[in-house]
Amino acid sequence: MSKNLIIIALLVITGITQAQTNFEKGMNKAFELWQADKTDEAENMFERIAKAESEEWLPNYYIAQINSLKSWSEKDETVLKAQLDKAQEHIDLAMTKSEDNVELIVMQAQVLTNWVAFDGMTYGMKYGAKITELYTKAIEVSPTNPRAVFCKADWSMGSAKYFGQDTAPYCKEIEASIELFDTFKPESDFHPNWGKERAKQVSESCKE
């Protein structure tokens with residue numbers, strides 16, 4: 001009896017290990033494609049992983065991030081809308097898998113910021129307060145998350161510049177975020193770990 005239970009347990013563990021291995025292989029491949037500037041192929045790989053690993057929020061997160069990043073330089077509103085609608089769809093999916101996730105809250109704010117960056121007159125009034133609210137919530141959920149601290153300060157700095165206000169307080173917050181980046185340890189090799197280089201760039205612009 002006990003021998004059979006051990007065999008069953010080993011089969012279960014092997015199955016779990018195999019599933020994790022497939023997930024890790026897929027994620028590694030997607031990141032390799034992304035780093036090789038094969039963004040569309042990376043996005044397709046993340047989509048396949050998201051379908052195969054329905055409990056994992058990370059593939060949906062990266063699909064959203066890819067579409068957000070592509071949208072920063074997009075001038076065609078039809079293309080932009082398709083990208084940001086797709087980003088939103090995957091953020092919504094990810095949030096059903098991982099509630100009150102600081103990384104997803106930050107990504108949601110980033111996607112709304114894409115709209116504001118595209119057309120501040122139209123979307124600033126629509127999304128401005130919501131973006132501030134999201135970053136405030138992100139810091140409440142995780143006060144030491146460097147992306148939450150940096151992105152909130154960066155957004156606030158942009159708003160201050162737009163309205164001709166002093167940006168010095170936000171420069172200090174950017175500096176604080178860099179210290180958090182220095183000590184931050186993501187949960188795994190696949191968890192979000194971006195933002196430090198951008199924070200350094202913004203910090204340097206404060207000194208000019």
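**Exercises on a predicted model**

D37 counts as exposed, at 68% relative accessibility. This value, like the others below, is computed from a predicted model.

**Exercise 1.** Determine where D37 is placed and what is notable about its phi.

*Solution.*
1. Locate the residue: D37 sits in the loop between α1 (2–35) and α2 (39–52).
2. Inspect the backbone: phi of D37 is positive, about 65 degrees, although the residue is not a glycine.
3. Classify the accessibility: exposed means over 50% relative accessible area, and D37, at 68%, therefore counts as exposed.
4. Turn to D100: its phi is near 50 degrees, again a positive value in a residue other than glycine. D100 lies in the loop between α4 and α5 (102–118).

**Exercise 2.** Describe how helix α3 (residues 58–71) packs with helix α4 (residues 77–97).

*Solution.*
1. Choose the quantities: two packed helices are described by the angle between their axes and the distance between the axes.
2. Read off both: α3 and α4 pack at an angle of about 155 degrees, and their axes are 8 Å apart.
3. Apply the cut-off: angles over 145 degrees count as roughly antiparallel, and α3 and α4 are therefore roughly antiparallel to each other.
4. Assign the handedness: the crossing in which α3 passes α4 is left-handed.
5. List the contact residues: α3 contributes N60, I63, A64, N67, S68, K70 and S71, while α4 contributes L80, Q83, L84, K86, A87, H90, I91, L93, A94 and K97.
6. Sort them by class: the contact of α3 with α4 has eight nonpolar, six polar and three charged residues.

**Exercise 3.** Establish how many disulfides the model has, and explain why C151 is too far from the closest cysteine sulfur for a bond.

*Solution.*
1. State the criterion: a disulfide is a pair of cysteine sulfur atoms within 2.5 Å.
2. Apply it: the sulfur atoms of C171 and C206 are 2.1 Å apart, and the two residues form a disulfide. The count comes to one disulfide.
3. Characterise the link: with -90 degrees about the S-S bond, the link of C171 and C206 is left-handed.
4. Place it in the sequence: C171 belongs to helix α8 (residues 168–183) and C206 to helix α9 (residues 196–206), so the pair ties together parts that are 35 residues apart in sequence.
5. Consider accessibility: C171 counts as buried at 15% relative accessibility, whereas C206 is partly exposed, with a relative accessible area of 26%.
6. Examine C151: its sulfur is 15 Å from the closest cysteine sulfur, in C206, and this is too far for a bond. C151 is buried, with a relative accessible area of 4%.

How values were computed:
Residues numbered from 1 in each chain as written. Predicted model: local features only at pLDDT ≥ 70, side-chain atom pairs only at ≥ 80, totals over all residues. Heavy atoms only, no water. Axes fitted to C-alpha atoms, helices over the stretch in contact; angles between N-to-C directions. Helix = DSSP H or I, 4+ residues; strand = E, 2+ residues; numbered from the N terminus. Parallel < 35°, antiparallel > 145°, perpendicular 65-115°, else oblique. Left-handed = near helix turned anticlockwise from the far one by under 90°. Contact = heavy atoms within 4.5 Å. Nonpolar A, V, L, I, M, F, W, Y, C, P; charged D, E, K, R; others polar. Buried < 20%, exposed > 50% of the residue type's maximum accessible area, 1.4 Å probe, protein only.
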